[in-house]
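Reader: Hello! Could you walk me through some of the ring contacts in this protein?

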Amino acid sequence: MTEARQPDHPINSLFVDRWSPRAFTGEPIAKPMLLSLLEAARWAPSAYNAQPWRFIYAQRETLSWEPIFATLVEFNQGWAQHAAALVVIVSARQAVFPGQTDAAPNAWHSFDAGAAWASIAFQATLAGWSAHGMAGFDADRLRKAAGIPDTYALETVLAIGKHGDKALLAEGLRAREMPNGRLPLTQLAAEGRFTFSE
Ligand SMILES: Cc1cc2nc3c(=O)[nH]c(=O)nc-3n(C[C@H](O)[C@H](O)[C@H](O)COP(=O)(O)O)c2cc1C
């Protein structure tokens, strides 16, 4: 555990051991392992158990990789080129809620997709892999490249890979390649009322 990752209260080490490296070794990920990470996400909680998440995956050595990789911004392409897989997470904007027959807007689709992402990241850590979320992609291009309809929100693209030595990175990125810290819990949690600065 690094200096920056000392919890304020006791927790399982999994929560501080997970972080988002950029130095990937290029080692390929076997399909069963990739599906095992997505399986963890399948069991995430969601409002009304609507399960709004969908995952579009591409292993680097397959033809599925390039169209998705090409939509990443240049900065992300620089390091994600050595990832083993990309996973696009999208979420259904509407759901059919219990007792209803028609689909209605689901206010929690992104919140629930976030739970799914966290499950992938924690399962990856447990399995000796790393998952790194990316907001840096061209949304319109990605929609076209992966055939994603407007009824689904684009949440994020994950780079999944085997973490390696920071020497694998371009020089400018090496200094940032370490687990970062967090705000203290005292700034994040308050009893009974919103007492945080606005
Ligand atoms: C939704 C989301 C989008 C992110 N986008 C990028 C990105 O485009 N490029 C990048 O290098 N890191 C990206 N990150 C990584 C964050 O900077 C990182 O998760 C954050 O600094 C916390 O660090 P940790 O994940 O190592 O604990 C993203 C993370 C998330 C969850």
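**Rings and a helix start**

Author: Let's begin with F97, which is buried, with a relative accessible area of 13%. Please keep in mind that this is a predicted model.

Reader: Is Y48 buried or exposed?

Author: The cut-off for exposed is over 50% relative accessible area. Y48 has 56%, so Y48 is exposed.

Reader: How many aromatic pairs are there, and what kind of pair do Y48 and F97 form?

Author: The count comes to 7 aromatic pairs. In the pair of Y48 and F97, the centres are 4.9 Å apart and the planes meet at 65 degrees. Planes over 60 degrees apart count as edge-to-face, so this pair is edge-to-face.

Reader: How many residues apart in sequence are the parts that this pair ties together?

Author: Y48 lies in the loop between helix 2 and strand 1, while F97 lies in the loop between strand 3 and strand 4. The pair therefore ties together parts that are 49 residues apart in sequence.

Reader: Which residue joins Y48 and F97 in a cluster?

Author: Ring pairs do the linking here. The cluster holds Y48, F97 and W108, and the residue you asked for is W108.

Reader: Which residue lies over the face of W129?

Author: Here a charge sits over a ring. At 4.4 Å from the ring centre of W129 we find K162.

Reader: At the start of helix 6, which residue has a side-chain oxygen that reaches the backbone nitrogen of D140?

Author: Helix 6 covers residues 139–146. The oxygen comes to within 3.2 Å of that nitrogen, and it belongs to D138.

Key: Residues numbered from 1 in each chain as written. Predicted model: local features only at pLDDT ≥ 70, side-chain atom pairs only at ≥ 80, totals over all residues. Heavy atoms only, no water. Polar contact = N/O pair within 3.5 Å; in protein donor to acceptor, adjacent residues only side chain to side chain. Helix = DSSP H or I, 4+ residues; strand = E, 2+ residues; numbered from the N terminus. Phe/Tyr/Trp six-rings, centres within 6.5 Å; stacked < 30°, edge-to-face > 60°. Buried < 20%, exposed > 50% of the residue type's maximum accessible area, 1.4 Å probe, protein only. Lys NZ or Arg CZ within 6 Å of the ring centre and 35° of its normal.
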